[in-house]
Amino acid sequence: MKNRSSGERSIEGTDDFALTRRKFLLAGTAALAAALVSPIAKEAQALAAETMGNDAEPAVLSKVAFEVNGKACELELDTRTTLLDALREHLHLTGSKKGCDHGQCGACTVLVDGHRINSCLTLAVMHQDDKITTIEGLGTPENLHPVQAAFIKHDGFQCGYCTSGQICSAVATLREIKAGVPSHVTADLTTRPQLTSDELRERMSGNICRCGAYSNIIEAINEAAGKLNATV
Amino acid sequence: MKPFTYERAKSPAEAAAAAARNPDAKFIAGGTNLLDLMKLEIETPKHLIDVNGLGFDKIEPTPDGGLRIGALVRNTDLAADERIRRDYGVLSRAIVAGASGQLRNKATTAGNLLQRTRCPYFYDTNQPCNKRKPGSGCAALGGYSRQMAVIGVSDACIATYPGDMAVAMRVLGASVETVNAHGTRRTIPLGDFHKLPGTTPHVENALAPGELITAVTLPRPVGGTQIYYKVRDRASYAFALVSVAAVIQPDDTGQVAVGGIAPRPWRVEAAEGELPHGAKAVVGLLLTGAKPTNDNKFKIKLVERTLGAVLAEAKEAKAQNS
């Protein structure tokens, strides 16, 4: 460990206890990488450099301004930055989660101008002047949104990774039903959709929960829907 | 993802001109399919032209009593539109049978028409694919082909067109309106829009380079019982194994298109004459020349059964209305 050439401070140094777990892991990885520099590894690196050649093309930066949770934000970003990465990595709003990064799991669901979308499947630069709401903007620990409170009451999660997306999606789902947007299980297209568990299950199908908390999630949304209706 | 430059187009002419200037450019609207493919480096545009500001976001009546759906109308808004729900129910039903609420909020009318196949070998860049890399071969032909097309295929490609919306639009007789960099407008019947693979499976539609879709038009409503049946591996949020869009009139005549079985929404007008004689008679003509694989030959029977269910529902609706 003492021989490594990276710029990391020695673990034996004076700031031992200041080392975060993340830095410790990074230091360990650097040491491991150094130990692996064999002829084969060098060859692999050369091959990697060759195949990654096109990525040496410089990143293109572009400016974008939008509002997140009521706060104006101005960013200069690599055009490739998704809205999810802008929120998490640049604005440090890590409530929205990256699950599949391909619009299949729903963990990244946020509201844009009140509509739920997968923030991993949209570019940040495409959101000029938009109003974005993340889980951090729905409620606070002291003043939870009714859907957040209902998820806690009904145990609508286990590991919690999908929960921010589930809650943002649920908030928008209730608005969609109220606005009369039909779903696959709406029996009659010419009448307003009803707030039923079947409707909620169908409308929430874009949010996957690996822990399988679905039945509790539906209970939570049903209860929140009742409370939200009572307050309108 | 490969680096790209980005611009927000302010007018259709500006967008089309930008595309003409940059042969490696792509238009982007909802982006739900394009960005997915860019992350996998299956699509590698060097320039993106954001067309969201072009104002094609309205659904307007046409002089002949139909509707003109702007290219940028989101799937959710199209499915929820009162006129679509009342007069073109099969379209509303098809849209809500596809994707998830989040995706439908983003996906646009034009983008949905242009979505690319979900063939797993197209997605796996380690595999040959004539659609992704012309001339490289087709891994699906000797591979696992349960989801693939059974008709309209070639020795170069057996991928399906994956969408639902276009299947309903095909049965309704929709047309695609476009504009190019010279400002020339044209109208393409939807039946001529998606191309069969032949020897050029990478050519998927009738658009010329830089040509921009501005709207989809629907002819005047035809009434009838309108049904969209989708058979899939999950009850929600899955692509069709087989889907049937149908408009059935009280005298048992009508129109039928099938999804999930071909490189484009599959409609054979001659087969529709058999509708009063039942599903088997229709499917006999509809699927003439089918070339299924061992893995997907079940789709032939599934089309017949799904259409049978559709016709039974239409009969029930007729009984209730009379």
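What span should the 24 residues of helix 13 of chain B have at 1.5 Å a residue? The model is predicted, so local features need pLDDT of at least 70 and side-chain atom pairs pLDDT 80 or more, whereas totals for chains, interfaces and linings use all residues. Residues are numbered from 1 along each chain, chains are lettered from A, and side-chain values use heavy atoms, without hydrogens and water.

**Figure 1. Length of helix 13 of chain B (residues 298–321).** The expected span, 1.5 Å times one less than the number of residues, is 34 Å, and the end C-alpha atoms are 35 Å apart, which agrees. Helices are DSSP runs of H or I with at least four residues, strands runs of E with at least two, numbered from the N terminus.

**Figure 2. Buried residues of helix 13 of chain B.** Among the buried residues (under 20% relative accessible area, 1.4 Å probe, protein chains only) are B:Leu302, B:Thr306, B:Val310 and B:Ala314. The buried residues of this helix pack against strand 9 (225–231), strand 10 (242–248), strand 11 (254–259) and helix 12 (279–286) of chain B.

**Figure 3. Crossing of helix 12 and helix 13 of chain B.** Their axes, lines fitted to C-alpha atoms over the stretch in contact, come within 9 Å and cross at roughly 135°. Helix 12 of chain B is therefore oblique to helix 13 of chain B (neither under 35 degrees, nor over 145, nor 65 to 115). Residues in contact (heavy atoms within 4.5 Å) include B:Val283 and B:Leu286 in helix 12 and B:Leu307 and B:Leu311 in helix 13.

Conventions
Buried means under 20% relative accessible area, exposed over 50%, partly exposed in between (1.4 Å probe, protein chains only). Axes are lines fitted to C-alpha atoms, for helices over the stretch in contact, and angles run from 0 to 180 degrees between N-to-C directions.
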